[in-house]
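Biologist: Please take a close look at one strand and its partners, and then place that part beside the other sheets, the core and the aromatic rings. Plain description will do.

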Amino acid sequence: MSRRNLTVAAVCATALGGITALAPSAVSAPSAVAAPAALTGNHADFNGDGYPDLAIGAHTATVGAVKRAGVVTIAYGSATGLTYDTASVVSQATPGVPGDPVEDGRWREVSGFGDLDGDGYDDLVVRWVEKNMVLWGSKDGITGTATALPTGNYTPTDPKLLGGGFGVGDVNGDGVDDFVSRANDGYSYGVSVLLGPLDRDTAKPAGLWHRDTPKLDKVQTSATYVGDMTGDGIDDIVVSGGVVLGNGTPGGVVLKGSANGLVKGSAFGGPYEHGNSYPAAFGDLNKDGHQDLVTGYPDQNKIYVAYGGTNGVSSSRAYTQASSGVPGTDEAGDKFGSAVAVGDTDQDGYADLIIGASYETGSDAATTSRSGAITVLRGSASGITTTGATSFTQNAAGIPSTSENNDSFGAATAVLDTDRNGSPEVYVGGNGEDGYKGRVWKLLTGASGVTGTGAAGFGLGALGGPVGGGNFGYRFAG
């Protein structure tokens, strides 16, 4: 179970600074349920057994006879790692899931998780079109019990929640995760928080905060990211977008979480851009007790590292394949930054960074266009270092299959110790593999870092999913 997972989302508001917040008693809350032993860290545990789980999207999978309707799969961790025969395969045809499969509905992104109802099991948020749905966790994992989140009407005057930017984290420090969302009050784009616990039947929150970030923070919100950058044990929100008083110059602000609402922290400059949400991950890269935020900008072939501090962002730095020590060549269209993940892959105590470049071309442009690659940058006392940086493609020794046109190896990445043996695995999605059926690879790690030796791969069929369509491995949550 996670209290610190990343969320590309919009967030909240506060009773501070003249903003009105509903008291928790204003909305009914579900009854408390005894929680199983929690899994610490930034990892999902949907069935509460203490092992990290991995949710994988397959947004063009065929459901029955409905083409490109989309499914979500969850592979559960165990003492032997991810188990395929116990996986959950959920679609809008699953009993309990609102709606019905729709051709080209592309029921899609598994982008957020956390314990939203306070029962001790992590829940999974799925986004499609401009809507969000919560698939509720249980002792049996994700079974299909689900609730669609309304876009508004939590109160007569609340803003409209926007499906394109959301996340999950405990921003008021009460031990229950909250749903955070970019929101439009009819005049500007700010952030809203649905305070947990959410009611399983109605999705009504225990309370609602909204913050007018253009007015209070001079930032027109386009994306938000949730993690404990200040190191105080309560999640904070990094808001990025266009700076209102600066001719739309990209920038943002950290809103510090607290029991009474959000408190304005440090402001920062680009390269955040208005109107987009980006792949992102939190982790303590320099082991100073503050979560650091890594954000990918695939359209710019760039990743951006914002280091945490007592007031939010303390410093930042951008990396491309043109940066000294980073493997590869900076070429237009590589999509360096397609995915980012953080975890200690070499057992030195510092979190490392995995970067996907899903359109990277291999040595033969005619046969490996957009075949994809991942890059590993190590953490250190001074943060990310390019010393000892490595990269992997499907042509690396030990990795199943070979690099081929449009494989998109590196479209998704995750670092999870699914068997809790002390050596996490690196999971890499390639949604273009096998004619866009898609595949996920597991790479092992040890004291020497990530290795292709002993790597394995699996497709949607291995988890019991449909054989038609897929794009399996386009997005992860875990």
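Modeller: A residue counts as buried when its relative accessible area is under 20%. The model is a predicted one. By that cut-off, 6 of the 7 residues of strand 10 (residues 189-195) are buried, so strand 10 is largely enclosed by the rest of the structure.

Strand 10 has a partner in strand 9 (residues 178-184), and these two run antiparallel with 6 bridges between them. Ser 181 of strand 9 faces Ser 192 of strand 10. The two strands make a hairpin with 4 residues between them. Gly 186 lies in that turn and has a positive phi of about 100°. Strand 10 also pairs with strand 11 (residues 207-211), again in the antiparallel sense, over 5 bridges. Here Leu 194 stands opposite Leu 208. Pairing of this kind runs through backbone hydrogen bonds, whether the strands are parallel or antiparallel.

The connection from strand 10 to strand 11 is a loop that contains Pro 197. The peptide bond leading from Gly 196 into Pro 197 is cis, with omega near 5°. As a rule, most peptide bonds are trans, and most residues other than glycine have a negative phi.

Two residues depart from the second half of that rule. Tyr 436 has a positive phi near 70°; Tyr 436 belongs to helix 2 (residues 433-436) and is partly exposed, at a relative accessible area of 39%. Asn 471 has a positive phi of about 60° without being a glycine. Asn 471 sits in the loop between strand 27 (449-458) and strand 28 (476-477), where Asn 471 is buried with a relative accessible area of 11%.

Next come the sheets further along the chain. One open sheet of 4 strands is ordered 16-17-18-19 and pairs in the antiparallel sense. Its edges are strand 16 (280-283) and strand 19 (312-319); each has a single partner strand, so one side of each lacks a neighbour in the sheet. Neighbouring strands in this sheet are turned by 20° against each other on average, with direction ignored. Inside the sheet, strand 17 (residues 292-297) and strand 18 (residues 302-309) are joined by 5 bridges and are antiparallel, with Val 305 of strand 18 as the bridge partner of Val 294.

Another open sheet of 4 strands has the order 20-21-22-23, also with antiparallel pairing. Strand 20 (336-343) and strand 23 (385-392) form the edges, each with a single partner strand, so one side of each has no neighbour in the sheet. The twist from one strand to the next averages 25°. Strand 22 (residues 373-378) meets strand 23 through 4 bridges in the antiparallel sense, and Thr 375 is opposite Ser 391 of strand 23.

The largest nonpolar core holds 20 residues, and Leu 54, Ile 56, Tyr 427, Phe 472 and Phe 476 have the most contacts inside it. Strand 1 (54-58), strand 2 (71-76) and strand 24 (409-416) each contribute at least two residues to this core. Beyond four places in sequence, the contacts of Leu 54 include Ile 74, Leu 82, Ala 414, Leu 416, Tyr 427 and Phe 476.

Phe 472 leads on to the aromatic rings. The whole structure has 3 aromatic pairs. In one of these pairs, the ring centres of Tyr 84 and Phe 458 are 4.6 Å apart and the planes stand at 35°, so the pair is tilted. Tyr 84 comes from strand 3 (residues 83-90) and Phe 458 from strand 27, so this pair ties together parts 374 residues apart in sequence. Tyr 84 is partly exposed, at 29% relative accessible area, whereas Phe 458 is buried at 3%. Phe 458 also pairs with Phe 472, with centres 6.1 Å apart and planes at 65°, so that pair is edge-to-face. Phe 472 lies in the loop between strand 27 and strand 28, so the second pair ties together parts that are 14 residues apart in sequence. Phe 472 is buried, with a relative accessible area of 0%. Through these ring pairs Tyr 84, Phe 458 and Phe 472 form a cluster.

Charges over rings complete the description. Lys 287 lies over the face of Tyr 350, 4.5 Å from the ring centre. The charged end of Arg 475 sits over the ring of Tyr 474, at 4.0 Å from its centre.

Key: Residues are numbered from 1 along each chain as its sequence is written. This is a predicted model: local features need pLDDT of at least 70, side-chain atom pairs count only at pLDDT 80 or more; totals for chains, interfaces and linings use all residues. Side-chain values use heavy atoms; hydrogens and water are left out. Two strands pair if DSSP finds at least two bridges between them. Axes are lines fitted to C-alpha atoms, for helices over the stretch in contact, and angles run from 0 to 180 degrees between N-to-C directions. Buried means under 20% relative accessible area, exposed over 50%, partly exposed in between (1.4 Å probe, protein chains only). A nonpolar core is a set of buried Ala, Val, Leu, Ile, Met, Phe, Trp, Tyr and Cys residues joined through side-chain atoms within 4.5 Å. Contact means heavy atoms within 4.5 Å. Rings of Phe, Tyr and Trp (its six-membered ring) pair if their centres lie within 6.5 Å; planes under 30 degrees apart count as stacked, over 60 as edge-to-face and the rest as tilted. A charge sits over a ring if NZ of Lys or CZ of Arg is within 6 Å of the ring centre and within 35 degrees of the ring normal.
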